[in-house]
Amino acid sequence: MIRKDIRIGLFGFGVVGQGLHTVLARTPGLRARIGRIGVKDRAKPRPLPAGLFTYSRHDLLQDDSLNVIVELIDDADEAYRIVTEALRRGKAVVTANKKMLAEHLPELIDLQRQTGTPLLYEAAACASLPVIRNLEEYYDNDLLESVEGIINGSTNYILTAMHHDALSFEQALSQAQALGFAESNPALDVEGLDARNKLVLLLAHAFGLVVAPTQLLTIGIDRISPLATAYAKEQGYALKLVAEARRLPGNGSVAAAVLPMLVKPEHELARVQDEYNGLITQSSFADRQFFLGRGAGAFPTASAVLSDLSALTYGYRYEYKKLHQQAHLALAPSAAELEILVTFTDAAAPNEADFRQLHEQFRSGTRGHYLTGTIGLERLAQAAWLRAPGICVVRLPGPLRAAPAAAE
Ligand SMILES: NC(=O)c1ccc[n+]([C@@H]2O[C@H](COP(=O)([O-])OP(=O)(O)OC[C@H]3O[C@@H](n4cnc5c(N)ncnc54)[C@H](OP(=O)(O)O)[C@@H]3O)[C@@H](O)[C@H]2O)c1
């Protein structure tokens, strides 16, 4: 527990780091101040006195007067070095770096156990939405059935701008970057990888499942075709990037994936606009709940970092209780199926034999072709045609569900 004042060693002074500086200045109730700031670019002008900044991580990590490290840099490998050394030195850590967390979650859980030092990361999943601590604590004794939602702010901003303001994909992406919503590497957002990294964190705290990011089928918004957009419009659906993790009935299987999805207008996620995130939890006793809030940006993200700093003052740490409580659960894509729309051209087509059922087929010389059908999640993930140029896969409305063989 941090009994005395919090003296922060802050790594990163970009969008979120500067946001945190402002937020701390306006939060006099929390006795926390930034003692030193580690950054990278010596040529960059800084809005604070030069003496506060350093370019060597050792200056922060070896400074015994700094009792908390806040890691807000955009380099996951360096972040891992910083976070692990800080924990080994007994310094509590707060981070927003979902890529680093998702790639190293097992080691980081072990290191927290070995060192007894807390690592908190509320800002790493859905920015301002208090998701991790709720999954960890509020749903501790309630059986969670699913978490699903829009968990990447920049892609939701892009999809909203394309739909409402008729911007091109490139125009919408540069607006998201200018507003500080996008990752430094835009591929992380538009290829769905950022949402996948957050889904790894949600799986750990919702179901006690620690999986590698590569185990999750992930399709981003960079491959959405004009025909898929037109189909969505004609049917009156919203097009969203949706992450879902669902416990399937019966056998302890959990299915999880990130895909663009057609959402009915009356669904909660259809009204999640701009950089907002929305997460729906479904659980046995609490039933259906919907979290809505800003999923990116300086202050919303800094507010979650602030909340973690405050939690350190009362000795809070993640206990990862579900890792033991839910040891019978396993990620099982072979047990799940979903409904999809596939648009394609003459150059490459989906293999119809991969589908359990085909529902609709459409061919046009001018607009391209599409089919809709039911397919196994694992079969889709392994399909050779999935990543072929000109192929676009979008989920139709409806949850991931147990495949018939698995449901028997
Ligand atoms: N932006 C958001 O809305 C948002 C939301 C949730 C989570 N996050 C996460 O928060 C973190 C920071 O994002 P951001 O948007 O604030 O990024 P950013 O604006 O690009 O700022 C990155 C900062 O990291 C510093 N940095 C990079 N490599 C470094 C290194 N090797 N050593 C020391 N400092 C280094 C940079 O230093 P210089 O100033 O010298 O260039 C810069 O100050 C990322 O992990 C991101 O995924 C961001």
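In this predicted model, the largest cavity has a volume of about 60 Å³, and a search of the whole structure returns two cavities of 30 Å³ or more. The walls of the largest cavity are formed by I219, G220, R223 and I224, together with P260 and with L386, R387, I391, C392 and V393. By class, this lining divides into seven nonpolar residues, one polar residue and two charged residues. The polar member is G220, since glycine is counted among the polar residues in this classification, and the charged members are R223 and R387.

The second largest cavity holds about 40 Å³ of space. Its lining consists of L338 and E339 on the one hand and of R395, L396, P397, G398, P399 and R401 on the other. Four of these lining residues are nonpolar, one is polar and three are charged; the charged ones are E339, R395 and R401.

Turning from cavities to open pockets, the second largest pocket encloses about 510 Å³ of space. Its lining comprises 22 residues, of which L159, M162, H163, T229 and L239 are the closest to the centre of the pocket. At least two lining residues are supplied by each of the helices α6 (153-164), α7 (169-178) and α10 (226-235), and likewise by the strand β9 (238-247). The greatest contribution to this lining is that of α6, which provides five residues. In terms of residue class, the lining of the second largest pocket contains 12 nonpolar, six polar and four charged residues.

The ligand is surrounded by 26 residues, among which F13, D41, K44, R46 and G297 come nearest. This shell draws at least three residues from domain 1 (6-127 + 298-323) and at least three from domain 2 (136-296 + 332-402). The residues of the shell divide into nine nonpolar, eight polar and nine charged.

Several polar atoms of the protein lie at short listed distances from oxygen atoms of the ligand, and both side-chain and backbone atoms are represented. In the side chain of K44, an N or O atom is placed 2.6 Å from an oxygen atom of the ligand, while at G297 a backbone N or O atom lies 2.7 Å from a ligand oxygen. A polar backbone atom of V15 is likewise found 2.9 Å from an oxygen atom of the ligand. Of the 900 Å² of accessible area that the ligand has on its own, the protein covers 88%.

Notes:
Residues are numbered from 1 along each chain as its sequence is written. This is a predicted model: local features need pLDDT of at least 70, side-chain atom pairs count only at pLDDT 80 or more; totals for chains, interfaces and linings use all residues. Side-chain values use heavy atoms; hydrogens and water are left out. A residue is near a molecule or strand if one of its heavy atoms lies within 4 Å of it. A polar contact is a pair of N or O atoms within 3.5 Å; within protein, one must be able to donate a hydrogen and the other to accept it, and residues adjacent in sequence count only if both atoms are side-chain atoms. Accessible areas come from the Shrake-Rupley method with a 1.4 Å probe; for residues, only the protein chains shown count as cover. Domain bounds come from an automatic or database domain assignment. On a 1 Å grid over the protein atoms alone, a cavity is a set of points where a 1.4 Å probe fits but cannot get out, and a pocket is an open set with protein on both sides within 12 Å along at least five of seven lines; lining residues have an atom within 4 Å of a point. Grid points are joined across faces, edges and corners, and a volume is the space filled by probe spheres set on the points. Helices (H or I, at least four residues) and strands (E, at least two) are DSSP runs, numbered from the N terminus.
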